[in-house]
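Me: I'd like to go through this structure with you and ask how some of its labels are earned. Could you take me through the reasoning?

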Amino acid sequence: MAVKGLVKYIARRGIVLFITMLIATYLTILVANMGGKVDELVKADLRLSIQDMVNRNPAYRVLSGAEREKIIEQIYQDEIKRLGYDQPFLIRSLAYLRDAITLNLGRALFMTSDTGSRLVKNIILERLPATVILFTTVTLINFFLHLFLGLYLSRHYGSRFDKLVISLAPTSVIPGWFYGIFLILIFYSWLHVLPPGGFVDTPPPKDPLLYALSVLKHMILPMLSWIISGFFLGVYGSRTFFLIFSTEDYVEAAKAKGLPPRLIETRYILRPSLPPIVTGLALGLIGSWGGAIITETVFQWPGLGLVTMAAIQYFDTPVILGITVIYAYLLMATVLILDLVYGVLDPRIRVQFG
Amino acid sequence: MGSAREGKVKSIVREALSYKSGAAGVGILIFLAALSIYAVIAIPYDEAIRMWRGQEAMWLDNPRTAAPEWIQFFSVKKLPKTIVLDSRTRSPYVSKAEVEMPGLNMKKVIIEFRFVYDFDELPSELNIFFFSNFSGAGAPLVTINWVKPSAETITMAKYGLRAPDDRLYVSISDSILRTLTNLYSEKYPVNTSERLTVLKLLFGKVDGASLESGEFEVEKGTYRLILEALVFGVQTSFDAKAVVYGTIHGPAGTDHLRRPLEIALLWGTPIALAFGLTASLLTTFIQLVIATVSGWYGGWVDSLIQRITEVNMVLPFLPFLIMISVFYKVDIWVILAVVIALSIFGGGIKSTRALVMQIKEYPYIEAARAYGASDFRVILLYIIPKILPPVIPGLVSAVPGYVFLEAALAFLGLGDPFLPTWGKILNDANTNGALYRGLYYWVLEPAAMLMLTSFAFAFLGFALDKIVNPRLREM
């Protein structure tokens with residue numbers, strides 16, 4: 001009975017999430033194509049390259065201008081038909097949607113990967129490691145830092161460190177990239193101890209160990225900028241979160257019963273606070289996947305944020321769409337898995353759908 | 001009821017001021033508001049745009065990337081300020097004489113500029129601007145002489161005007177550098193350094209050692225720049241302006257286009273405040289209304305709003321915003337509208353909705369329904385006022401986020417195409433390598449303004465939070 005209820009619940013959530021993703025992806029298609037305007041750019045570009053090709057071809061040189069024009073027009077029309085641009089945008093947008101949802105990301109319009117590939121998949125995969133190394137690491141560091149310091153402070157609230165954290169919490173309204181500028185100023189321009197940006201020294205060291213060290217050196221400032229930016233508010237937030245959980249009535253009741261503090265902490269405070277913490281971590285990790293456009297711009301970090309920015313500037317719709325749809329899939333899958341886990345763990349949900 | 005609420009507002013304000021951080025926040029905000037009003041009155045909107053977009057022509061007398069003048073307080077050296085000498089204005093430092101040549105329809109114009117240079121560093125540039133109304137082939141020929149404090153006289157160039165309003169960029173002229181180098185290397189037979197510049201040779205103490213090392217000490221004293229022009233046609237005018245550009249300028253310094261930064265620093269204030277406050281206010285209130293409607297009506301309205309919220313969560317906020325600003329080249333108010341549109345279905349809705357669900361069951365709402373109050377009345381008069389106070393601190397604390405969002409867009413080069421803003425200064429500084437060239441003021445000034453603004457709102461917001469949500473105060 002319970003299993004059937006759970007399956008029903010997950011199926012329902014799955015369908016809702018899928019439709020959500022469908023709508024979000026379609027909206028992205030509309031915006032990223034400027035409602036069809038990018039087509040005009042692509043067509044103009046196509047025409048220009050065909051003109052160029054015909055005019056350069058010695059076989060056509062003997063033909064008169066009008067005849068050459070006719071050939072150009074002919075090739076152009078064939079190309080348009082081959083690429084499907086003869087259909088109205090609305091119909092094509094549905095085809096884009098189908099391709100995006102089936103993760104058939106296709107080719108970029110204008111961009112190439114560093115290895116020269118036009119495939120969107122390669123462009124994204126090439127930059128993904130750089131982004132994951134930096135932002136997923138810093139997300140994890142921040143998570144554990146805030147969690148443990150928050151827990152510590154919730155036990156020692158009112159202490160001097162606690163007061164310091166509370167009074168400095170507003171410093172977190174300043175985003176990481178902004179702290180990044182200061183860090184570059186201090187550690188590069190002034191002290192000359194750390195590189196201002198980039199992924200690795202030029203030329204890259206041959207020895208893998210030295211290479212890794214060089215990457216690590218380049219990671220220090222961007223990571224530091226995010227750690228500083230999130231620190232006080234993060235610790236403050238998790239401290240308050242634990243404090244709220246530790247003043248619940250059932251905790252008071254457990255204390256009144258005379259249970260040992262260790263037990264109260266693990267079973268009465270940490271356990272019920274686990275779901276929001278896990279959700280926070282999961283969403284944070286997924287969010288870190290897409291990189292950070294502005295931080296990557298400040299530090300010239302060659303991750304997905306810079307690719308996104310370049311794709312937007314080149315009007316390269318397939319790349320923008322590819323990044324968005326992968327993000328949407330990851331997000332939806334995470335939400336669904338979290339739903340499943342909570343469905344198993346949380347008796348209230350089981351009962352509701354049982 | 002009105003007076004009671006006023007009393008409450010007053011007491012909240014008084015309490016907010018009793019917190020040090022709250023008082024500091026309010027103080028800074030008052031200062032920023034005053035600055036905004038001053039900016040808008042002193043430099044009207046169109047004037048600000050004209051001054052900022054007027055490019056170099058408008059600011060020709062300003063040095064490039066000069067630090068603010070107050071830098072002097074931190075320096076033992078006396079830093080050079082800009083010296084402008086113009087033969088069209090009377091001054092004890094400028095003299096002009098015209099000598100007609102009888103029977104030749106020619107004249108000789110001698111302009112002498114005198115100035116005291118007692119700074120410890122070389123100037124950043126030296127330009128001479130010529131103004132003549134000659135036409136056709138009769139371009140004036142100018143002999144440019146330079147007299148150092150030691151009375152050493154150098155003829156640094158003989159120059160024929162190429163246009164009625166011609167400029168001679170003395171400091172970067174190759175031919176002048178060659179002339180000077182040849183002159184001095186005849187006098188001091190040493191291997192001359194590769195690092196000689198026109199300014200070093202004109203303003204430095206030249207001897208064998210300095211020529212060889214390329215390091216010059218400034219020769220202080222009174223310099224004279226004498227222009228002897230041979231002008232064809234008695235009616236033809238001839239005037240000149242010499243500018244010895246310093247390395248410090250004005251209260252905020254200048255950028256790579258010689259524009260004084262204080263224009264953008266001043267005008268950035270009202271823009272940042274207007275953008276941040278409008279975005280935060282509208283987003284918060286619209287979110288409030290949507291959440292209330294969602295919680296109050298329930299059913300399909302509720303599910304629809306919840307689904308839209310979820311779609312909104314999947315949409316990548318910043319890439320969307322960037323796409324729209326890149327594709328449509330929009331101004332700041334359209335960006336503002338897009339920001340609000342993308343934010344109103346944000347995360348705040350869920351918590352407010354939960355609150356509304358609770359309040360819905362309160363007896364006073366039941367009473368209102370019993371006497372036949374409409375949904376509209378209940379929502380607007382009974383529910384929203386109830387959930388408003390806990391939202392206010394969040395509203396205030398959210399302002400910096402929007403201010404930084406605008407700055408971030410401008411930093412990426414996507415902000416408003418016309419208005420001078422803080423983010424734009426940062427963008428200019430970044431693209432011109434301010435941090436790598438040691439031009440720290442260029443980054444630190446807009447950064448300081450951004451931080452001042454965001455801290456003011458953040459500290460005030462946190463103080464309000466403690467007052468409105470007393471549970472936090474105990475913790």
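Reply: Gladly. This is a predicted model, and a good place to begin is the second largest pocket, lined by 30 residues, with Leu83(A), Tyr85(A), Arg107(A), Leu109(A) and Pro318(A) nearest its centre.

Me: What makes a residue count as lining the second largest pocket?

Reply: A lining residue has an atom within 4 Å of a pocket point. By that rule 30 residues qualify, and the space they border comes to about 920 Å³.

Me: Which helix gives the most to that lining?

Reply: H4(A), with 6 residues. Helix H2 (37–56), helix H3 (65–83), helix H4 (89–101) and H13 of chain A each supply at least two. By class, the lining holds 14 nonpolar, 7 polar and 9 charged residues.

Me: Now the two chains. Why is the pair Glu310(B) and Arg13(A) called a salt bridge?

Reply: The cut-off is 4 Å between a side-chain nitrogen of Lys or Arg and a carboxyl oxygen of Asp or Glu. Here the N to O distance is 3.9 Å, so the pair of Arg13(A) and Glu310(B) qualifies. The count between chain A and chain B is 1 salt bridge.

Me: What makes the side of chain A that touches chain B mainly nonpolar or mainly charged by class?

Reply: On that side, 39 residues are nonpolar, 10 polar and 3 charged, so with Leu, Phe and the like counted as nonpolar, the nonpolar class prevails.

Me: And how much area do the chains bury between them?

Reply: About 4,200 Å², 84% of it on carbon and sulfur atoms. The contact takes 52 residues from chain A and 43 residues from chain B.

Notes. Residues are numbered from 1 along each chain as its sequence is written. Chains are lettered from A and ligands numbered from 1 in the order in which they are written. This is a predicted model: local features need pLDDT of at least 70, side-chain atom pairs count only at pLDDT 80 or more; totals for chains, interfaces and linings use all residues. Side-chain values use heavy atoms; hydrogens and water are left out. Contact means heavy atoms within 4.5 Å. Buried area is the accessible area (1.4 Å probe) that two parts lose on being put together, summed over both. On a 1 Å grid over the protein atoms alone, a cavity is a set of points where a 1.4 Å probe fits but cannot get out, and a pocket is an open set with protein on both sides within 12 Å along at least five of seven lines; lining residues have an atom within 4 Å of a point. Grid points are joined across faces, edges and corners, and a volume is the space filled by probe spheres set on the points. Helices (H or I, at least four residues) and strands (E, at least two) are DSSP runs, numbered from the N terminus.
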